[in-house]
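The following exercises concern the enclosed spaces inside a protein model. Please examine the sequence and the structure before reading each solution.

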Amino acid sequence: MRSFLLFLHLAGVIIWVGGMFFAHFCLRPVAAEQLPPAQRLPLLSAVLGRFFVVVALAVAVILASGFASLKLTGFALVPLHWHAMSGLGLLMAGIFAVIYFRGYPRLRAGVAAADWPAAGAAMNRIRLLVATNLLLGGLTLAVATLGAYLVP
């Protein structure tokens, strides 16, 4: 059971964090260099629409598998860095919720109205929140892999 939960957890993390890395450092910069807003913003809105559905599922799997692992081991018995990882994961999930329920609808509305300044502003807010989640994802990775060595 532990191995299956770990598999689910890591698969979700790889999809989510890897997807954010790809979108932030590969897709968006190239789209910004090569496409005007009237082409770039509908493209990014459509790509994010598909990605966010997958991320919502990944977040659910990550949280469910993480908390199932905590319960299986015993909340009071797990190492401190597992609790830190849980807190960081919940923070990241909260930031994703802000992106999905506030930023993304604004992006879609701006694209639908061909209001490129509004869509661009929404995309920029999404970009900043994704960058924040990428930093938190890196910190979570460090806590997950090095936590046992950093916290006695």
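**Exercise 1.** State how many nonpolar, polar and charged residues line the second largest cavity of this predicted model.

*Solution.* Sorted by class, this lining holds 8 nonpolar residues, with no polar and no charged ones. The residues concerned are Trp 16, Met 20, Phe 51, Phe 52, Val 55, Phe 96, Ile 99 and Val 130. The space they surround amounts to about 30 Å³.

**Exercise 2.** Determine which helices each supply at least two residues of the lining of the second largest cavity.

*Solution.* Helix 1, helix 2 and helix 3 (80-112) each meet this condition. Of these, helix 2 gives the largest share, namely 3 residues.

**Exercise 3.** Describe the largest cavity by its volume, its lining and the classes of its lining residues.

*Solution.* Begin with the volume, which is about 120 Å³. Next, consider the lining: 13 residues take part, and Ala 23, His 24, Leu 48, Met 123 and Val 130 lie nearest the centre of the cavity. Finally, sort the lining by class, which yields 10 nonpolar, 1 polar and 2 charged residues.

**Exercise 4.** Identify which helix contributes the largest share of the lining of the largest cavity.

*Solution.* First, list the helices that each provide at least two lining residues: helix 1 (2-34), helix 2 (37-73) and helix 4 (116-150). Then compare the shares: the largest, 5 residues, belongs to helix 2.

**Exercise 5.** State how many cavities of 30 Å³ or more are counted.

*Solution.* With this volume as the cut-off, the count is 2 cavities.

Notes
Residues are numbered from 1 along each chain as its sequence is written. This is a predicted model: local features need pLDDT of at least 70, side-chain atom pairs count only at pLDDT 80 or more; totals for chains, interfaces and linings use all residues. Side-chain values use heavy atoms; hydrogens and water are left out. On a 1 Å grid over the protein atoms alone, a cavity is a set of points where a 1.4 Å probe fits but cannot get out, and a pocket is an open set with protein on both sides within 12 Å along at least five of seven lines; lining residues have an atom within 4 Å of a point. Grid points are joined across faces, edges and corners, and a volume is the space filled by probe spheres set on the points. Helices (H or I, at least four residues) and strands (E, at least two) are DSSP runs, numbered from the N terminus. Ala, Val, Leu, Ile, Met, Phe, Trp, Tyr, Cys and Pro count as nonpolar, Asp, Glu, Lys and Arg as charged, and the others, Gly among them, as polar.
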